Number of protein chains: 2
Amino acid sequence: MNDKIELIRRSVAPEALEFPLHALDGPITPNELFFVRSHYDTPMIKAASWRLKVDGCVDQPIQFSLDDLMSMPKVSVESVLECAGNGRAALETPVPGLQWDCGAVGNAIWSGVSVRTLLELAGVTDRAVDVVFEGADRGKVKNPAAPCGDVAYARSIPRDLALSGWPILVYEMNGEPLSPAHGFPVRLIVPGWYGAASVKWVIRIVALDHAFGGYYQTSDYSYWQVNDGLPELRPIGAMPVKSLIARPTRGTYVQAGERIEICGAAWTGTGEVTAVEVSVDDGLNWGKAEMSSPSVAGSWRLWSFEWLVKGPCGVRTILSRARDSHGRVQATERDWNYGSYVIDHSIPVEINVTET
Amino acid sequence: MNDKIELIRRSVAPEALEFPLHALDGPITPNELFFVRSHYDTPMIKAASWRLKVDGCVDQPIQFSLDDLMSMPKVSVESVLECAGNGRAALETPVPGLQWDCGAVGNAIWSGVSVRTLLELAGVTDRAVDVVFEGADRGKVKNPAAPCGDVAYARSIPRDLALSGWPILVYEMNGEPLSPAHGFPVRLIVPGWYGAASVKWVIRIVALDHAFGGYYQTSDYSYWQVNDGLPELRPIGAMPVKSLIARPTRGTYVQAGERIEICGAAWTGTGEVTAVEVSVDDGLNWGKAEMSSPSVAGSWRLWSFEWLVKGPCGVRTILSRARDSHGRVQATERDWNYGSYVIDHSIPVEINVTET
């Protein structure tokens, strides 16, 4: 990595920092280049006094210290984490929210304790259908329809997912303790789900007998799904299949006759990425990219495509699209029911082709 | 009733008409004085071509004509219907929405077919947990976070309530066919629930395997319920216990020594109204009102309180509060987590007491 690569600041308070995607260099994003998306001021938590409560629909509410967690079996997952608003700045019609380019995404090795282990220790009951993770971060919400008083950042995942073994309460990121911005001492990682689910600074896990209707999955981080003619508000959850072009960047000049590499990353919420295709003519023809990293469940795959640049000269639109093992194909058009989230279609990169 | 009594127009498109509550005169509100709250233009439906579909989690999707419904056993219920925003104009801090005074409420005898009957004919399955009623009224929603395209007015009630025998698909209101504004040819009535649940112009009933997340129970007609420190967005549902003062009206002049009647109506979402109390000193002392109509499940009860006016002279605040058979007592303070809905606290009526 070039020493000069730095995160791009999208917001000071709360902190929002973006990875410059053109600097993509290997499947693991270094911690210091991992994007940050917080919703309130960063809580400064002392490891010694931190406690995690597990309550709700459980046989026995239980409390853990960080030492308790560290004495349990350590599990790791390599997982991509993407903000549900990543790519917003690329939308033709502006939408509200942080104007991320395409770098609110990263891939790391996350280590900690399985959520299943903690729920089993507390004795989660049959009545539980949803599991809420509450962060220590809280504050007022700027929305006329927000609840009264402070709102904690809190999010739920369905019971089955919580008990699947995939979600991890993480205390290490790429082998290092979490930084305060990434959730020290403990954060949730839900592989395959948008980052909104991966609550930072977790202080409580609550098993509920109903689907949680918290602020960050109704008023925020939600979208409209049309079922049989009836739109329904749904929490943003699992990620669809998606690829992004890291290089070349928008506005790059290339010469006809030159050989250039088009490269990027691709991932999917469940299953695995099976192929990435590239178009250098705005979607008319597609060629198959090569995978430059293995398929690791939860992680992204890097890909590259060699292009012997040919005319016509002028502005050209490059696209990539991914396919996954469920047969899903990345869309080339935006679905506006997603509002300001889930920008999962092929984002065009316009470059300039000049004569030899 | 005085011939000059007319509904107060709060909105032209969509239609919103308010009952002048001071004209309250007997437990049944005449059809021509029943408040109207529509969300789009009134659909003009021909009885002969109207059809009702029942589908979703059912053994056999089924369709009914109006003649089909009229040939089934006819059931009736006397039920109060109140808009969830009734009383908004009385709030000290203004909230968005139609600025109803206190007359977006009425009580009628509704007749039609039990929802249970229709669901049983279609063979509702064990997977169904929620039942959606879709109206023929639809249009664009003025909200940046609204779904794309037209949104039909649709609302759900839980399976158990749908099968309880209480909700009725109504084709008669006080013995007359429904008017177009009230949902001709068929509307839902859910006794005990705010009016938002009682979908007009019903054309479809859908049994869902999950809690419906429709626009009119998430983005609209919802409130924040704080459970164990975590606010959750909930659909507006059953009504709490409530009373309203119909007479005297705000600003009335009364003379010390005069005998006046304070009267109004009281109702509750479940159970029955057991008592109404009146205060003529802004809540310091309370006296028991007399019930002037019987307790009919689902309906309101009228009440009156005779007051021998005494000093001090000047502005005086009159309050009423109701109690129900669940031990609930109408609050005297506003709960702001309800946002612009559920104005269920005692609404003060300020009058002027003059010297003899």
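## Salt bridges at a glance

Counting over all chains, you get 30 salt bridges in this structure. Keep in mind that this is a predicted model.

Some of these bridges join up. One network of salt bridges links Asp55(A), Glu134(A), Arg138(A), Arg204(A) and Asp228(B).

## Three pairs worth a look

Start in chain A, where Arg10(A) and Glu18(A) form a salt bridge whose closest N and O atoms sit 2.6 Å apart. Are the two partners buried or exposed? Arg10(A) is partly exposed, at 32% relative accessibility, while Glu18(A) is buried, with just 1% of relative accessible area.

Over in chain B, Lys74(B) pairs up with Glu172(B) through their side chains, at 3.0 Å from N to O. Lys74(B) comes from the loop between α1 (66-70) and β6 (75-82), and Glu172(B) from strand β10 (residues 168-173), so this bridge ties together parts of chain B that are 98 residues apart in sequence. Lys74(B) is partly exposed, with 46% relative accessibility. Glu172(B) comes out at 18%, and it counts as buried because the cut-off for that class is under 20%.

The third pair is Arg250(B) with Asp101(B), where the closest N and O atoms are 3.2 Å apart. Here both ends lie in loops of chain B: Arg250(B) between β16 (242-247) and β17 (253-255), Asp101(B) between β6 and β7 (105-114), so the bridge connects parts 149 residues apart in sequence. Arg250(B) is partly exposed, with a relative accessible area of 48%, and Asp101(B) is partly exposed too, with 27%.

## Around Val105(B)

Strand β7 of chain B holds Val105(B), a buried residue with a relative accessible area of 1%. Which residues does Val105(B) contact, leaving aside its neighbours within four places in sequence? The list runs to Phe19(B), Leu21(B), Phe35(B), Val80(B), Leu81(B), Glu82(B), Asn86(B), Leu244(B), Trp267(B) and Trp300(B).

Take Phe19(B) from that list. In sequence, Phe19(B) and Val105(B) are 86 residues apart, yet their C-alpha atoms are 7.2 Å apart in space.

## How the two chains relate

Two copies of a chain are related by a rotation about an axis and a shift along it. For this model, a turn of 180° with a shift of 0.0 Å along the axis lays chain B on chain A, with an RMSD of 0.0 Å. That is the relation of a two-fold axis.

The interface fits in with this. Of the interface residues of chain B, 100% are also interface residues in chain A, so the copies meet through the same surface.

## The second largest pocket

Rolling a probe the size of a water molecule over the atoms shows where empty space is left. How much space lies in the second largest pocket? It comes to about 1100 Å³. The pocket is lined by 37 residues, and the closest to its centre are His210(A), Ala211(A), His210(B), Ala211(B) and Phe212(B).

As for secondary structure, the elements giving two or more residues to this lining are β9 (151-158) and β15 (230-235) of chain A, plus β9 (151-158) and β15 (230-235) of chain B. Sorted by class, the lining has 17 nonpolar, 12 polar and 8 charged residues.

Key:
Residues are numbered from 1 along each chain as its sequence is written. Chains are lettered from A and ligands numbered from 1 in the order in which they are written. This is a predicted model: local features need pLDDT of at least 70, side-chain atom pairs count only at pLDDT 80 or more; totals for chains, interfaces and linings use all residues. Side-chain values use heavy atoms; hydrogens and water are left out. Copies are superposed by least squares on the C-alpha atoms of residues with pLDDT of at least 70 in both. Contact means heavy atoms within 4.5 Å. On a 1 Å grid over the protein atoms alone, a cavity is a set of points where a 1.4 Å probe fits but cannot get out, and a pocket is an open set with protein on both sides within 12 Å along at least five of seven lines; lining residues have an atom within 4 Å of a point. Grid points are joined across faces, edges and corners, and a volume is the space filled by probe spheres set on the points. Helices (H or I, at least four residues) and strands (E, at least two) are DSSP runs, numbered from the N terminus. Ala, Val, Leu, Ile, Met, Phe, Trp, Tyr, Cys and Pro count as nonpolar, Asp, Glu, Lys and Arg as charged, and the others, Gly among them, as polar. A salt bridge is a side-chain nitrogen of Lys or Arg within 4 Å of a carboxyl oxygen of Asp or Glu. Buried means under 20% relative accessible area, exposed over 50%, partly exposed in between (1.4 Å probe, protein chains only).
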